[in-house]
Amino acid sequence: MASYPSEWEFDVVLRDGGVVQVRPVKPEDSDGLNGLFEASSTESRRQRFFRDRDALTPEELAYFSTVDYQRRMAFVALHEDDIIGVGRYDVLDDEPTSAEVAFLVADAHQGRGLAAQLLADLTAYARRHGVTAFKAFVLADNRAMLRVFRNSGYHLEREVHEGVYTVHFPTLESVESQAAMWETEKQAIAASLTPIFYPRSIAVIGASTTEGSIGARLFDNLGAANFVGPLYPVNPSATEVAGVPAYASVLDIPDPVDLAFIVVPARFVPQVVEQSAEKGVRGLVVISAGFSEVGGEGEKAEAELLDMVRSAGMRMVGPNCMGVLNTDPAVNLDGQFGPRFPPRGNVAMSSQSGALGIAILDYATQLNIGISTFVSVGNKADVSGNDLLLFWEDDPSTDVILLYLESFGNPRRFSRIARRVARRKPIVAVKSGRTSAGARAASSHTGSLASSDTAVNALFHQAGVVRTDTLEELFDVTALLANQPVPGGNRVAVLTNAGGPGILAADALEAQGLEVVELSAELRADLGRHLAGEASTRNPVDMIASAGADAYAACLDALADSAEVDSIIVIYIPAAPSGAEDVAAAIRDAAERHRGKKTFVAVFMSASGVPPELSGQSARVPTYLFPESAARALARAVRYGEWLARPEGSVATFDDVDVAQARGAIDSGLARLGPDGGWLEAAETEAVLRSFGMQPARADIAATADDAVAIGNAIEGPLVMKVQSESALHKSDIGGVVLGIEGEDEIRQAFETVSGVVDDASGVLVQEFVPGGHEIILGMTEDPSFGPLLLFGLGGVFVELIGDVAFRIHPLTDLDIEEMIAEVRSARLLEGYRGGQPGDVVALRQAMARLSQLIEELPEIVEMDLNPVKVLEPGQGLRVVDARIKVRRVEGPFVPSRKDLPAVVRR
Ligand code: ADP
Ligand code: MG
């Protein structure tokens, strides 16, 4: 019997936002299962067993609680230690790849989506254990269960016979079943966060009477912002706080409490959380510090805290956070202790740093960026940035999402969610700190080429996240995206009343890859009609210092009405002592007149700041002090627009691959290498590559010179000989590679040469010489938190020197591949640059897609260098002439997608 698969334990958010724990059944669950049965109504029992049952027999209980985690499997759902639901499958005797599924959910918990969740977990588990089809018997009047199957998105077949439906379906994921899972996830997570963003009543545990303390400031803020519901201070040593009667404990509050803020010293937190659970509080914001951020004991305390929160079905922001706020007048929630309640607006933000959060709110207010909701996520023990993305995805108050990130809890989930959310609203992020990737030992070209930031950059790029390098840029681009449409293309017009800044803007735009387009003669004539004779109507359009508000208005109209540009940068320098306000108003009004048609960006180079006409609540033109910031922000918005316009791409699957053969080669390598794994031998490497349709050059290993001659004769044509040894990572560096060998004498001589370069030669590789072609590198390295990264570059042995490479996170879509090739500048050589020999780019694209599939199917692979691969002439394909693959043992059933089950919250 297989052992208990603890990696299948998780916390799940249900449709109504409540949290339950789901885990594989254990023998000691027999009492709990009996309890569930006893508490079930006659009707529920009949639906499960198809007849009236009074009790389960001891044999049945033993059977239900003892599974083998292979052919018989069950998941139980728990709420405060009670089993409230169970879903199981039993493999059919006559059909080892099919299983029968059945569910029982406690009456009080029906309608919460529990059966759907258990079904999703069972199918995921079944897929991993070779069970390809499920079958269920359902009484025809059991509409709820039939609905669960129907809404699951699996491809169902149903038959009805004497009042019983037989439902069959493959456990294989379908587009529909995935979509159904992700939709469930989004709704569940959003519902679970509702008590935090829209509480009807709030308790502040640790509301303090000490002026200036965090507990006092938080309580004051909540009151000052006019929170719409009742506010209860909890403080055992005060009778009132800020004039409001205080309670000694949350349990003493006579009315229900939705949300509790916790501002007590860390050692008291468990006790007050316990009381909050008992009180039925649904959301917690734990401001208190002293948890995982201090390490050691703090980490333990945080894990225990999370356990209490989850088993009580609550959600928690923090610990060690600054709070949350929601400017929606329906709640007026200022649940943070900073001095600023920002103006209402369409930007949502999460910050991983509390202190920075305060600065951010301050700055946002200054820049006139309105906030919808703000969360300081602190240690992210429970509520993560990923959860917040799901909440904001459908939030009508939010148009732009800002993230200040220091780390990713679950980057794979982030990537999946961000890709979808970014299609609807821009996500702007600044990521500080270094990722753990930097710590990776680099024993391959690919490993040494991947910098600590490679994975984050690739992730953001693929997911359409707008990455900024500094906080200042974060706000610059946010001001644009929150107020103006995403540019429809990269053509920009610059309109200015001074030549210098116009040229600076044009330079900055071009440096960012935007196009300061040549304007047509008609448009220029049109502009000229409103300008002085000395003005220049060439882009950048220099209206000269005499231009007033009227000229601005007329020229902006002309540019906005033309089809020649996508965005307009309008620059003003206060050349005359007055008139700035009029020009500002003219810009604001023009932008409103043409709203949605063009993207407007303003630059006001004035020491006295931006006039109120452009900075007030009604002004929706982002205004910058310098042309460079405007150009940079605009460029980021244009890139995002390009990402939006590009199709989603698809991941290819080749059905001519032989996974079993590849796995066989890896297994024999692992048997030799031991549990820690290591680099495969040449023959194993070749088998892995061939199984996935890659084309290694023909080769064999020679132990003696005679062997080498025999192998050479079999290959025919010129040869290459290479030393094989553990120590020689880069063979040619030490003279271990001889090229262009012909005839027996040369073979014998080369054998002597290459086997002599190291002490530990294990043999000599005799390989077919592949003439011509372009040398490229294809590689893979595993980032500890982001998963596999794939590399493409040119350069063979010089690849590190030149560094002209592209990385993407696995899996690669056809578009990722296209982009990687386009991103590598020297890849233009493959197109026959300046009369050079072209390469087989079609075969290259295919090889990259095959590599991605290979990575998917063989999680044992941790690192790989194919360097070089020779790209031959069009139609001739590729030849891998040097390959190294590093493997390690993967324990138990490999479950890459476990964390990607719906509504599963990270443990
Ligand atoms: P290493 O990377 O360990 O130094 P390689 O096997 O990559 O050794 O060989 C070094 C270089 O020799 C390659 O970059 C390539 O230019 C050339 N080379 C190696 N094998 C072949 C081959 N079979 N046909 C043609 N050229 C080869
Ligand atoms: Mg090499």
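**Exercise 1. Work out whether R71 is buried, partly exposed or exposed, and describe its surroundings.**

Solution. R71 has a relative accessible area of 38%, and is therefore partly exposed, where buried means under 20% relative accessible area, exposed means over 50% and partly exposed lies in between (1.4 Å probe, protein chains only). This is a predicted model, in which local features need pLDDT of at least 70, side-chain atom pairs count only at pLDDT 80 or more, and totals for chains, interfaces and linings use all residues. Residues are numbered from 1 along each chain as its sequence is written, chains are lettered from A and ligands numbered from 1 in the order in which they are written, and side-chain values use heavy atoms, with hydrogens and water left out.

Next, locate R71 in the loop between α3 (58-65) and β3 (72-79); helices (H or I, at least four residues) and strands (E, at least two) are DSSP runs, numbered from the N terminus. Finally, setting aside neighbours within four places in sequence, R71 is in contact (heavy atoms within 4.5 Å) with Y89, D90, V91, L92, D93 and P96.

**Exercise 2. Explain why helix α14 is described as largely enclosed.**

Solution. Of the 10 residues of α14 (residues 454-463), 8 are buried, so the rest of the structure largely encloses this helix. The buried residues are T454, A455, V456, A458, L459, F460, Q462 and A463. After α14 comes G464, with a positive phi near 75 degrees.

**Exercise 3. Find which residues are the protein donors of the magnesium ion (ligand 2).**

Solution. Donors are N, O and S atoms within 2.8 Å of the metal (3.2 Å for Na, K and Ca); water is not among the atoms, so sites may look incomplete. N867 (O) and D882 (OD) are the protein donors, lying 2.1 Å from the ion. N867 belongs to strand β37 (residues 861-871), whereas D882 is in the loop between β38 (878-880) and β39 (883-887). Both N867 and D882 are buried.
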